[in-house]
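Got the viewer open? Here's a stop-by-stop walk, with something to select at each stop.

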Amino acid sequence: MTVLGVAWVVAAVYATIPSFWLVIHPFSRHWRARHRSPYKIFLLFWLLAILLLLGATAPWRHLRLYATSWALLPAIALALVSLFIYSRAGRSFNFSRLIGRPELDPAPSQTELVATGLHASVRHPIYLGHLCTLTALTIGSGLAVLYVFLAIAVVTGWWMIREEDRELERRFGQEFLEYKKRVPGIVPRW
């Protein structure tokens with residue numbers, strides 16, 4: 001597989017991350033009430049979303065809007081921003097949060113709202129990191145389908161963030177509403 005082929009596959013994975021979470025956040029009460037783990041359902045849904053996206057775009061995966069090495073400059077800059085975000089958010093973001101355990105456990109292990117570190121500047125730093133990574137792949141490759149992936153990720157990401165904010169409001173109430181007033185969702189205030 002070529003470098004552009006890898007970019008296409010990786011971008012499809014990143015573009016479908018919000019769809020994975022759209023199966024969790026709006027239905028967190030339902031998933032908490034289940035006695036069996038819903039992760040097999042989530043992973044199957046996500047894998048299907050990735051395969052559908054790849055299958056739908058396969059005929060155009062080689063179509064480039066441009067081919068210039070200058071595009072690597074902003075792509076590398078965005079990739080570095082992503083790495084910075086992931087490394088800084090890593091202090092408060094662990095595997096348990098990655099797989100949605102606080103949203104799914106009947107007795108959530110996360111009893112405090114995370115509002116320090118990078119979360120003091122942006123409510124959803126990991127999603128910002130994902131967006132920067134996907135944008136870096138899109139700009140750096142020049143592939144037309146990656147611009148479609150980016151648009152899909154922005155729309156589903158916006159929807160998913162709204163759903164996550166609702167879920168956090170149910171869990172943390174007034175504390176989250178005050179946090180939401182102070183801290184922007186995706187574009188940090190520094």
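Which residue has its side chain joined to that of Glu163 by a polar contact? Select Glu163 and Arg166: a polar contact of 2.8 Å joins their side chains. (A polar contact is a pair of N or O atoms within 3.5 Å; within protein, one must be able to donate a hydrogen and the other to accept it, and residues adjacent in sequence count only if both atoms are side-chain atoms.)

Before going on, some housekeeping. This is a predicted model, where local features need pLDDT of at least 70 and side-chain atom pairs count only at pLDDT 80 or more, while totals for chains, interfaces and linings use all residues. Residues are numbered from 1 along each chain as its sequence is written, and side-chain values use heavy atoms, with hydrogens and water left out.

**Stop 1: stay at Glu163**

Glu163 sits in helix 8, residues 144-172. Helices here are DSSP runs of H or I with at least four residues, strands are E runs of at least two, and both are numbered from the N terminus. Glu163 is buried at a relative accessible area of 13%; buried means under 20%, exposed over 50%, and partly exposed in between, using a 1.4 Å probe and protein chains only. Now add Leu22, His25 and Pro26 to the selection: Glu163 touches these, leaving aside residues up to four places away in sequence. Contact means heavy atoms within 4.5 Å. Draw a C-alpha distance from Glu163 to Ile24 as well, and you should get 9.2 Å, for a pair 139 residues apart along the chain.

**Stop 2: zoom out**

Colour by secondary structure. You'll find nine helices and zero strands. The chain has 190 residues, and 45% of them count as buried. Among contacts with a separation of 6 or more, 83% come from residues 24 or more positions apart.

**Stop 3: helix 1 against helix 3**

Two packed helices are described by the angle between their axes and the distance between the axes. Axes are lines fitted to C-alpha atoms, for helices over the stretch in contact, and angles run from 0 to 180 degrees between N-to-C directions.

Show residues 3-22 (helix 1) and 39-57 (helix 3): they pack at about 135 degrees, with axes 9 Å apart. That angle makes helix 1 oblique to helix 3. (Under 35 degrees counts as roughly parallel, over 145 as roughly antiparallel, 65 to 115 as roughly perpendicular, and the rest as oblique.) The contact includes Trp8 and Phe20 of helix 1 and Phe42 and Trp46 of helix 3. By class, it has 15 nonpolar, three polar and no charged residues. Ala, Val, Leu, Ile, Met, Phe, Trp, Tyr, Cys and Pro count as nonpolar, Asp, Glu, Lys and Arg as charged, and the others, Gly among them, as polar.

**Stop 4: helix 1 against helix 7**

Keep helix 1 and bring in helix 7. This pair packs at about 150 degrees with axes 10 Å apart, which makes helix 1 roughly antiparallel to helix 7. On the helix 1 side, pick out Leu4, Tyr14 and Trp21, among others; on the helix 7 side, Tyr127, His130 and Leu137 are among the residues they meet. This contact divides into eleven nonpolar, three polar and no charged residues.

Is Ala11 buried or exposed? Ala11, in helix 1, has 0% relative accessibility and counts as buried. Ala11 touches Leu134, Leu137, Leu146 and Phe149, again not counting residues up to four places away in sequence.

**Stop 5: helix 4 against helix 7**

Hide helix 1 and show residues 72-89 (helix 4) with 125-141 (helix 7). Their axes lie 8 Å apart at an angle of about 160 degrees, making helix 4 roughly antiparallel to helix 7. Among the residues in this contact are Leu78, Ile85 and Tyr86 of helix 4 and Cys132, Ala136 and Ile139 of helix 7. The class count is 15 nonpolar, six polar and no charged residues.

Now centre on His130 in helix 7. His130 is buried, at 16% relative accessibility. Outside the residues up to four places away, His130 touches Tyr14, Ile17 and Tyr86.

**Last stop: Trp60**

Jump to the loop between helix 3 and helix 4, where Trp60 lies. Trp60 is partly exposed, at 48% relative accessible area. Select Val145 too: the two C-alpha atoms are 6.7 Å apart in space, with their positions 85 residues apart in sequence.
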